[in-house]
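Notebook open, structure loaded. I wanted to look at strands first, then packing, then one polar side chain.

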Amino acid sequence: MPSQHNSKATLGGLLIALGIIYGDIGTSPLYVLNAITRDRVITEGLIVGALSLIIWTLTLQTTIKYVILTLRADNRGEGGIFSLFALVRRRKRWLVAPAMIGGAALLADGMITPPVTVTSAIEGLRQIPTFHHISQWTVIYIVIGILSAMFFLQQFGSALIGRFFGPVMMVWFLMLAVFGVYHLSDYLPIFKAFNPYYGFKLLASHSNGFFILGGVFLCTTGAEALYSDLGHCGKWNIRYSWIFVKCCLILNYLGQGAWLLTARYKVPGTNELVPILGHKVTPQMIEGGFNPFFGLMPEWFLYFGITIATAAAIIASQALISGSYTLISEAMRLNLWPKLQIKYPTEERGQVYIGGVNLMLFVGCVGIELYFKKSSAMEAAYGLAITLCMIATSMLFANYLVLRRVKPAFIYLYLSVYLTIEFGFLFANADKFPHGGFVTLIVGGFLFFVMYDWFKARKIKNRYVEFVRLDDYIPKIQELSNDRSVPKFSTHLVYLTSADNPREIEHKIIYSILNRKPKRADIYWFVHVDTLDDPYTMEYKVDHIIPNDIIRVEFRLGFRVEPRINLMFRKVVEDLVKNREVNITSRYESLERSKVVGDFQFIVMEKYLSQDNELPLFERVLMKFHFWLKEASLSEERGFGLDVSNVTVEKFPLIVAPVTNLKLRRVE
C-alpha cells in the first residue's frame, strides 16, 4: 500500500519531512566552508567561487536529480536504492552490483555522519570564552556520551522524540536563514555567487582547484536521504519542503561567505584582531574554535545556537540510523544480507529496530570518533563513500527510465550529465583517501563483501538444488500416509520449499519424507514464500494437489513485509477450515471423536558445507565465509517467524562440487 503522505502535500506532512529527511543535508553548513577553506588563503575568488559551486551543486545534484527526477521512481510509494533496484532487477542481472555498492556506501556513510555532525556542534563550545580552552578529549567524551545514549534509546523506538523533530528542524532552518540574511550586508557582492562563471573560474585558476570539489560535495551528502525516506513523507511533501530548506541553506552559506570576507579573527593567546581575508586558515585556527558557522552568531546567542546545532546533529544521526535499519531489512528480503532479528518497537509503520545493525553502527561511530578525534579530520574523510552510492543510483535510475520507455536521447543526456558530475566528485574526493577516506572505503568494502558473499553463495548453492516432478512421488506419499505400520510423525507435516513451480519439489524434501526416516502424516503441506518487487503486498494462493492430503500454499510478500510464516500459515488454515476446504481434525480415533485439532509440525532443512567438496579457492573462501555468517545470523526457523516448539531441524550436507578423482587403490 502506498504511503498515505504520497498523494498530496499537507501541513503535517511538510513538518514531518523537515524532521525526518533533512537532518544530514541541513547540518552541512556546520562544516562545509570549514572543509573548503582549511589550509587555503581566504580570497574573494575562493569564497565566491566555492559558494557558486555549492549553489549549483544543490541545484543540479539535489534539486534536479533527486527532488525532480529520482522521486518519480517510487515503488508503490517507497524509495531508496533497494526499492529502486526492486523495480529494475529483472531487466539486467548485473544491476545487483550497483545496488550492493550503493547500499554498502550508504551504511558506511551512516557510520561517519553521526560523529562528524555531533562533533562539529560540540566543538562550537570553543566560541564561548568560558569554554575556549576545552580539550579535544573532553569534546570526544561528550560526543561518545551523546552517541551512546542515542543508540541505547533506539530499541524503544523514536516515536516519542520523533514528534519534536519537525519543530526543532523548523527552528534550525529559520536560524540558518536569519543569521545568513543578517550578514549579507557585510559584503553585498557575495550575490555574484549565483553566476556559475565564478565556480568554473575557481576550478580552472586556483591551485588544486579541482580538489575543492571534495569540500563542496559535503553540501549534498544528505541528498540520498530525500529518496530513501520517500515512503515516510511522500514526494510532494519533500518537493515543497525542499524549496524552504534550499532557500535557508543558500542564505546561510552566503552569510558565512560574506562574514569570511569582512570579519576579523582573534589570534589565540593574544587580544590582536586580524582580518581573515588574505590569511591562511591553519589547523591551529580550527582547533582554536574558528568556524564561520558559529562566527555568524553573536556571543550572547551561542549557548542556544550550540544547543540547537547539537539537537539538529542528533536528528541527522537518527534519520541515518533509522534509514540503515530499513536498508538492511530490505536487503534481507532481497537475499542480499544474512537474516537478523527485526523488532517493531512502536505501531508506527516502517519503524523497525535491528539489534545487530544497531551494535554495528554504534561500534563504527565510536571507532571513527576515537580514530579521527576532530571534526576537521572527519571532514577530510567524509564524502568519498557516498559518491559511489550516487553513481549507483544514477545507473539504476537510467534503467528505470528505459523500463518507462523514456526517449533514449533523454536517458543518454541524463547519464552523461550526472555521471560526469559524480565521477568528478569521486576523483576530487579521492584526494581524501590518504587523509582518512580509506577508513570509510574499508568499512564500505567489508559491507559490500558481506552482500556479495551472501548473494554469490546462494548462486553456488543453487547448483546443488535438484527439483523433481511432484506427480512422480504423489502415489508413494499417499501410500506412506495410509501405512499404519509406520508410526505417525504428526497429523500435519509442513515443509518450506523454494520451488517456484507448484508441480515441482526439492529432491531433499522427498528424501526426507520417504527415505531418511519415513515421516507419516495425514496431510502434507508445502509452503513457498515469493518475495515480490512491491514493498507491502501480502497475498496467498492455495493449490490442493490432492484434496485433504497434499496441499501447497504460496505466500506472495512484498520486500518490506516481515515473513511471519507461523501467523500467516495459521490464518490460511483458518480460512480453509471456514470454507470447508480442509479437515484439520486429528485422525487418531480417540481424538477424532472429540474433534480435537491435529498437531502441526514444521520441518526446516538446514544445510552445512560438506567436507566432500572440491571447490576452487575463491569459491571455497566465499562458502566458508557464508556459513560463518550463517552461524552468526538468525536461524532459518526464527528468520521465518516459526514457533520453535513446532519445528524439527534436519541437517543435510551441501555438496556443490563433488570430488571426482579420488586416488584410492586396493592392496592385498
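I began with strand β10 (residues 550–558): 8 of its 9 residues are buried, so the strand is largely enclosed by the rest of the structure. Note to self: this is a predicted model.

Next I looked up who pairs with β10. Strand β8 (residues 520–532) runs parallel to β10, with 9 bridges joining the two. I picked out one pair there: V529 has F555 of β10 as its bridge partner. Strand β9 (residues 538–546) pairs with β10 too, in the antiparallel sense and over 8 bridges. In that pairing I546 stands opposite I550 of β10. The β9–β10 hairpin leaves 3 residues between the strands, and I noted that N548 takes a positive phi near 60 degrees.

Then the cores. The largest nonpolar core has 153 residues, and Y22, I54, W172 and F173 have the most contacts inside it. Helix α6 (residues 96–122) gives the largest share, 14 residues. Domain 1 (11–457) and domain 2 (467–654) both contribute residues, so this core lies between them. I also found a second, separate core of 24 residues, with V527, I551, F602 and V604 among them.

I checked Y22 for contacts beyond four places in sequence: the list includes M169, F173, L226 and W242.

Last stop, T57 in helix α4 (residues 44–69). Is T57 buried or exposed? Its relative accessibility is 8%, under the 20% cut-off, so I count T57 as buried. A polar atom of the T57 side chain sits 2.6 Å from the backbone oxygen of L53. Farther along the sequence than four places, T57 is in contact with T62, V216, C219, T220 and F425.

Technical notes
Residues are numbered from 1 along each chain as its sequence is written. This is a predicted model: local features need pLDDT of at least 70, side-chain atom pairs count only at pLDDT 80 or more; totals for chains, interfaces and linings use all residues. Side-chain values use heavy atoms; hydrogens and water are left out. A nonpolar core is a set of buried Ala, Val, Leu, Ile, Met, Phe, Trp, Tyr and Cys residues joined through side-chain atoms within 4.5 Å. Buried means under 20% relative accessible area, exposed over 50%, partly exposed in between (1.4 Å probe, protein chains only). Helices (H or I, at least four residues) and strands (E, at least two) are DSSP runs, numbered from the N terminus. Domain bounds come from an automatic or database domain assignment. Contact means heavy atoms within 4.5 Å. A polar contact is a pair of N or O atoms within 3.5 Å; within protein, one must be able to donate a hydrogen and the other to accept it, and residues adjacent in sequence count only if both atoms are side-chain atoms. Two strands pair if DSSP finds at least two bridges between them.
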